[in-house]
Amino acid sequence: MALDDADLRALVAEASVILDAAATPFVAGRGAQSAVAKLGNDFATEVDLAIERQVVQALETATGIGVHGEEFGGAPVDSHLVWVLDPIDGTFNYAAGLPTAAILLGLLRDGVPVAGLTWLPFNDVRYTAVVGEPLYANGVAQPPLKAAELSDSIVGVGTFNVDSRGTFPGRYRVAVLEQLSRKCSRIRMHGSTGIDLAYTGAGVLGGAISFGHHVWDHAAGVALVRAAGGVVTDLAGVDWTPASKSALAGEPGVHARILEIAAAIGSPEEY
């Protein structure tokens with residue numbers, strides 16, 4: 001299926017109606033507890049599962065494009081066209097009753113995010129974008145990102161346990177935070193990668209760091225940031241793809257400064 005900008009805008013409009021419908025059970029289920037245990041101490045609620053089923057069925061019926069969801073998988077991420085869905089990003093926040101949780105939906109074309117939708121139902125904020133066009137907040141086109149200094153910027157960062165291992169050990173993450181704290185205005189930890197990326201695209205944050213690798217956490221936000229004129233790579237500076245093990249997003253100048261900090265800290269394997 002060949003898509004031009006008009007086609008992408010139409011798909012975003014259809015998906016927006018579907019996410020608006022999903023926002024109702026999202027809000028109603030606030031505070032839902034764990035229903036499915038995952039690796040480590042992660043979990044999903046019954047609301048995660050129900051919203052994913054609802055959105056997948058509606059999207060596939062309305063658009064004819066397969067969906068890859070966090071909870072049930074689905075269409076392969078390397079399909080020519082595929083929606084990528086996180087029904088509740090920030091599940092710990094959601095279960096605790098915090099408002100920092102979101103529905104994330106990205107559209108990948110041959111692995112490249114070409115459209116993104118991030119819904120913050122508790123705050124009644126909806127971000128949408130088609131790459132190459134402006135980012136919209138509640139239907140209002142936002143100005144492109146302005147040149148900024150890291151010293152004037154708030155930066156969102158992912159959560160961590162100092163004793164954790166994995167691709168980016170806890171002590172490596174602490175080193176990033178330590179050096180970043182000396183250079184940026186403030187650090188914020190929202191507990192939602194999707195919100196960090198959406199806020200970066202909207203110019204609320206100057207940049208965002210995600211130490212995670214899940215495509216459903218990133219696809220929507222990468223499209224939003226790039227549409228706004230920002231840059232998204234991994235922590236090594238390689239353009240973000242669905243196979244990336246991390247994400248670093250920001251206004252171009254801020255992104256470059258954070259990348260310099262990450263490079264000076266050294267390899268995660270050293271920690």
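This report walks through a helix pair, a strand with two partners and one loop residue in a predicted model.

**The α5 and α6 pair**

Two packed helices are described by the angle between their axes and the distance between the axes. Here, the axes of α5 (residues 193-201) and α6 (residues 215-227) come within 8 Å and cross at roughly 5°. Angles under 35 degrees count as roughly parallel, so α5 runs roughly parallel to α6.

Who does the touching? On the α5 side, it's Thr193, Gly194, Leu197, Ala198, Thr200 and Gly201. On the α6 side, Asp217, His218, Gly221, Val222, Leu224 and Val225 make the contact. Sort the residues of this contact by type and you get five nonpolar, six polar and one charged.

**A closer look at α6**

How does the end-to-end span of α6 compare with what 1.5 Å a residue predicts? With 13 residues, α6 should span 18 Å, and its end C-alpha atoms are indeed 18 Å apart, so the two values agree.

Helix α6 is also largely enclosed by the rest of the structure, because 12 of its 13 residues are buried. Among the buried ones are Trp216, Ala219, Ala220 and Ala223, along with Asp217 and His218; Asp217 and His218 also take part in the contact with α5. Just past the end of α6, Gly229 adopts a positive phi of about 100°.

**Strand β5 and its partners**

Over in the strands, β5 (residues 81-89) is mostly covered, with nine of its nine residues buried. β5 pairs with β3 and with β6, as the table sets out.

| Pair | Sense | Bridges | A facing pair |
|---|---|---|---|
| β3 (residues 67-69) and β5 | parallel | three bridges | Val67 opposite Trp83 |
| β5 and β6 (residues 102-109) | antiparallel | seven bridges | Asp89 with Ala102 |

So β5 has a parallel neighbour in β3 and an antiparallel one in β6, and its residues Trp83 and Asp89 each have a named partner across the way.

**Ser185 in its loop**

Where does Ser185 sit? Ser185 is in the loop between α4 (170-181) and β12 (186-188). Its relative accessible area is 27%, which means Ser185 counts as partly exposed; the cut-off for buried is under 20%.

Leaving aside residues up to four places away in sequence, Ser185 touches Leu150, Ser151, Asp152, Ser153 and Ile154. Gly201, one of the α5 residues in the contact with α6, is 16 residues from Ser185 in sequence, and their C-alpha atoms are 18 Å apart in space.

Note on methods:
Residues are numbered from 1 along each chain as its sequence is written. This is a predicted model: local features need pLDDT of at least 70, side-chain atom pairs count only at pLDDT 80 or more; totals for chains, interfaces and linings use all residues. Side-chain values use heavy atoms; hydrogens and water are left out. Axes are lines fitted to C-alpha atoms, for helices over the stretch in contact, and angles run from 0 to 180 degrees between N-to-C directions. Helices (H or I, at least four residues) and strands (E, at least two) are DSSP runs, numbered from the N terminus. Angles under 35 degrees count as roughly parallel, over 145 as roughly antiparallel, 65 to 115 as roughly perpendicular and the rest as oblique. Contact means heavy atoms within 4.5 Å. Ala, Val, Leu, Ile, Met, Phe, Trp, Tyr, Cys and Pro count as nonpolar, Asp, Glu, Lys and Arg as charged, and the others, Gly among them, as polar. The expected span of a helix is 1.5 Å times one less than its number of residues. Buried means under 20% relative accessible area, exposed over 50%, partly exposed in between (1.4 Å probe, protein chains only). Two strands pair if DSSP finds at least two bridges between them.
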